[in-house]
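Me: I would be grateful for a close look at one part of this model, namely a helix and the sheets beside it. Please treat the matter as a connected account rather than as a list.

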Amino acid sequence: MKWEELGWLGALVACGVVHAAAPGPAMPVVRVDGLTDPDEQSYRSMVRGMDAFERYHGLAPAATLRYRLYPRQPGVRAQGTTLAIRGDSVDIPVPLADDLTFTLPRDAKAWDERADVVTNRKSRSFAWGPDVRTPGLPPNTRRLGDLRLECQIDRAARLLVGFKPPAYLVLEATVDVCMTYPGAWLYYGDRAVFNVTLVHGGRREPLFSSSLYGDALAKPFQLFYDFYPLLVDRTYTVKVSDTSWPDDTLVELEYMDDADHGAAAVAAVAP
Amino acid sequence: MTALRFFLPRLGAVAGLAVGLGGCAMLGLYDGAPLTEAATRQALTPGVSTRADVARVLGTAKVNTFDSGFEVWTYRYKAGLPVFAGYVPGVGALASLADATTRERELAILFGPEGFVRKYRLREAPSRAERLVGSR
């Protein structure tokens, strides 16, 4: 670039700065957040999920609700992720825990302004989901009633991204799909899962491979789901509509990196 | 009567063939080699057995490979009559009964990124008949 051109450029920038500094009459506020296409969810949808938590709280009376972000794309940095409720005039920072869980306040103004819950990461960086936990459970277990409640919240907040055929949408609009849909609902383990077992009293039943890693879905359909690509090894599906398992059923999760405690079991049951 | 004389021996032969093949399947030969205690001991020593060791003894598995380098190999077993037996006249009912009363098994083997067996689990699901009784 020649010096002459650089001079003109400098003059233009200077004019712009001077112009921007001059106060104008009632100019609309344009907020620049750094991302044109951030990962966000509708605040109203997430509040509807909180309403569902209250409505179906009987499934997990001692549980509390938090929402959770799961990084689903390689390269998404969990550290430094921020969250805020943003509307036309509303801007409420939302504290994010180290495990990327958070709670949302109920705010009438944010509701009226149809605000969004916005991250500082680009769109589709995260899978969003409810995280319902009954306190005092043994390590590496979930409670089936908690998972059923998560299903109801997910259904109300529409957080789960996946392929939903028209037949499902019709069913969803007319009945309680969590308790009538013959399929299974998706869940994520805290880490990569190897074995998942339903346990109630003396009854134990493991999930088969068709219920792990999204294997029930054909590969092309997996691309539509949030668990693809990074959460595949954490994904398991539970048929929460199976009422032969009560809410107090424990879902035992054995992770890939857990120590091996049960190898001898195969020899014991093999014919 | 003539028709009966024609069909009965053939029906017997088909039934015999189906039951004979079913006998093979009773060993659990569906996707891989039969699952026996000796086979599992031979193929599945955590920290020692490799993918090649397992494939040699148990056959071809369904494989899930993950970005972390871990792999899960799965072998499904279900003792019972072969699927086509359900379509053979006279044997169909027997095949259905066998199918309804036998348990399904699955052996899942976890390989670490270094390629050795980390651990394995045998999963077993109740038969359809057991589920039916259990749900009452």
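Reply: Two strands are said to pair if DSSP finds at least two bridges between them. The model discussed here is a predicted one. The part chosen is helix H4 of chain A, which comprises residues 144-157, together with the strands that it lies across.

The account may begin with the sheet of four strands. In chain A, this open sheet has the strand order E8-E13-E10-E11, and its pairing is antiparallel. Strand E8 (141-143) and strand E11 (203-206) of chain A form the edges, each pairing on one side only. From one strand to the next, the twist averages 25°. Within this sheet, strand E10 (residues 193-200) and strand E13 (residues 250-255) of chain A are joined in the antiparallel sense by six bridges. One residue pair may serve as an example: Asn195(A) has Glu254(A) in E13(A) as its bridge partner. In general terms, the strands of a sheet pair through backbone hydrogen bonds, in either a parallel or an antiparallel manner.

The second sheet, also in chain A, is an open one of three strands in the order E5-E2-E7, with antiparallel pairing. Its edge strands are E5 (101-102) and E7 (126-133) of chain A, and each of these pairs on one side only. Strand E2 (residues 64-71) of chain A pairs with E5(A) in the antiparallel sense over two bridges. Here Tyr67(A) has Phe102(A) of E5(A) as its bridge partner.

Helix H4(A) relates to strands of both sheets. It lies across E8 and E13 of chain A, and its direction is at about 65° to E8(A). H4(A) also lies across E2 and E7 of chain A, running at about 135° to E7(A). The helix is mostly covered, with 14 of its 14 residues buried. As to its length, the 14 residues of H4(A) should span 20 Å at 1.5 Å a residue; the end C-alpha atoms are 20 Å apart, so the expected and modelled spans agree. After the helix comes Arg158(A), whose phi is positive, near 55°.

Positive phi values also occur in two loops that adjoin strands of these sheets. Asn140(A) is not a glycine, yet its phi is positive, at about 60°. This residue lies in the loop between E7 and E8 of chain A. Asn140(A) has 16 C-beta neighbours inside 10 Å and therefore counts as partly exposed. Leu100(A), likewise not a glycine, has a positive phi of about 65°. The loop that holds Leu100(A) is the one between strand E4 (91-93) and E5 of chain A. Leu100(A) counts as buried because 20 C-beta neighbours lie inside 10 Å, and a residue with 20 or more such neighbours is classed in that way.

One further backbone feature of chain A may be noted. The peptide bond that joins Tyr228(A) and Pro229(A) is cis, with omega of about 5°. Pro229(A) is located in the loop between helix H7 (219-222) and strand E12 (235-238) of chain A.

Technical notes: Residues are numbered from 1 along each chain as its sequence is written. Chains are lettered from A and ligands numbered from 1 in the order in which they are written. This is a predicted model: local features need pLDDT of at least 70, side-chain atom pairs count only at pLDDT 80 or more; totals for chains, interfaces and linings use all residues. Axes are lines fitted to C-alpha atoms, for helices over the stretch in contact, and angles run from 0 to 180 degrees between N-to-C directions. Two residues are in contact if their C-beta atoms, placed from the backbone, lie within 7 Å. The expected span of a helix is 1.5 Å times one less than its number of residues. A residue is buried if 20 or more other C-beta atoms lie within 10 Å of its own, exposed if 12 or fewer, and partly exposed in between; C-beta atoms are placed from the backbone.
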